[in-house]
Amino acid sequence: MELKVTDSYKERITLAITGASGAQYGLRLLECLVAARCQVLVMISKAAQVVIATETDEALPGSAKEQERWLTQRFAAAEGQIRVFAREQWMAPVASGSGAPSKMVVCPCSTGALSAIATGASNNLIERAADVALKERRQLILVPREAPYSEIHLEHMLKLTRMGCVVIPASPGFYNRPETVEDMIDFVVARILNQLQIEQNLMPRWGEDSLS
């Protein structure tokens, strides 16, 4: 069912896409959130724009407003369903606990973003939005994609986990016998959607279907 402008959204989700490899995870997650009738407040770092151009065939525009129009058209979203904010757009809803959604995902999450979030740097809107999620005790999911992890990376993940953050490494499983790259992407995205408690049919939960 197509979402009309007059319909209410089921959820409001903050999604940040940073410069780690795995841009496909973030774009696929955005597509699924739109299909699930969520309003998505999006931030895409400059490094992420480079990664998207490198790893995909997508031609993402440069400015936030252009990105918003492009993503809305790309994922057949309703007007206003996807809102994109720039790096230093400090008046964005995500910059304040009184306006930010109750759930945020950083997917993929670079180790630089991981470090900044763990130390409360808040040097840009992505870092500030994550800081808001932490200080307000809201759901924050980070999806790092790095190999191998250094002690610094692991310390930051442990620190954030102890704060209540959920860390979901972009590590596809194979018990569902993926046949395509898209299947492997969907495995990780399904795990994120499960954590967000958003219904998904990308893959069955464990025990729901035969694995043989």
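# Exercises on a predicted model

S45 is buried, at 19% relative accessible area. Keep in mind as you work that this model is predicted.

## Exercise 1: Placing S45

Work out where S45 sits and what it touches.

Solution. Start with the chain: strand 2 covers 38-44 and helix 2 covers 46-55, and S45 is in the loop between them. Next, check the burial label. Buried means under 20% relative accessible area, and S45 has 19%, so it counts as buried. Now look for partners beyond four places in sequence: S45 touches I17, T18, G19 and I126. Finally, turn to the record. An unreviewed UniProt entry has a "binding site" annotation that covers S45, along with G19, A20, S21 and R145.

## Exercise 2: From A20 to S110

A20 is another residue in that annotation. Find its loop, decide whether it is buried or exposed, and follow its contacts to S110.

Solution. Begin with the loop: A20 lies between strand 1 (11-17) and helix 1 (23-35). Its relative accessible area is 7%, so A20 is buried. Leaving out neighbours up to four places away, A20 is in contact with V51, P108, C109, S110 and R145. R145 is also covered by the UniProt "binding site" annotation.

Now step across to S110. This residue is in the loop that runs between strand 4 (103-109) and helix 4 (111-119). S110 is buried too, with a relative accessible area of 18%. Looking back the other way, S110 touches T18 and G19 as well as A20, with residues up to four places away not counted. To finish, follow the side chain of S110: it reaches the backbone nitrogen of A113 at 3.0 Å.

## Exercise 3: Two helices that cross

How do helix 4 and helix 6 pass each other, and which residues make the contact?

Solution. Take the axes to begin with. Those of helix 4 and helix 6 (residues 151-162) come within 9 Å and cross at roughly 45°. That angle makes helix 4 oblique to helix 6. On the helix 4 side, the contact is made by T111, L114, S115, I117, A118 and T119. On the helix 6 side, H153, H156, M157, K159 and L160 take part. As for handedness, helix 4 passes helix 6 in a left-handed crossing.

## Exercise 4: Helix 5 from start to end

Explain why helix 5 can be called largely enclosed, then look at what happens at its start and just after it.

Solution. Count the buried residues: 8 of the 11 in helix 5 (residues 125-135) are buried, so this helix is largely enclosed by the rest of the structure. The buried ones are L125, I126, E127, A129, A130, V132, A133 and L134. You've met I126 already, as a residue that S45 touches. At the start of helix 5, a side-chain oxygen of N124 comes within 3.1 Å of the backbone nitrogen of I126. Just after the helix, R137 takes a positive phi of about 60°.

## Exercise 5: Stepping back

Describe the annotated domain, then locate R205.

Solution. The unreviewed UniProt entry gives "domain: Flavoprotein" for residues 12-195. That span is 44% helix and 17% strand, and its end C-alpha atoms lie 15 Å apart. R205 is in the segment after helix 7 (181-196). Its relative accessible area is 41%, so R205 is partly exposed. For a last distance, compare R205 with I52: they are 153 residues apart along the chain, and their C-alpha atoms are separated by 29 Å.

Methods:
Residues numbered from 1 in each chain as written. Predicted model: local features only at pLDDT ≥ 70, side-chain atom pairs only at ≥ 80, totals over all residues. Heavy atoms only, no water. Helix = DSSP H or I, 4+ residues; strand = E, 2+ residues; numbered from the N terminus. Buried < 20%, exposed > 50% of the residue type's maximum accessible area, 1.4 Å probe, protein only. Polar contact = N/O pair within 3.5 Å; in protein donor to acceptor, adjacent residues only side chain to side chain. Contact = heavy atoms within 4.5 Å. UniProt positions renumbered as here; feature names shortened; annotations may be inferred. Axes fitted to C-alpha atoms, helices over the stretch in contact; angles between N-to-C directions. Parallel < 35°, antiparallel > 145°, perpendicular 65-115°, else oblique. Left-handed = near helix turned anticlockwise from the far one by under 90°.
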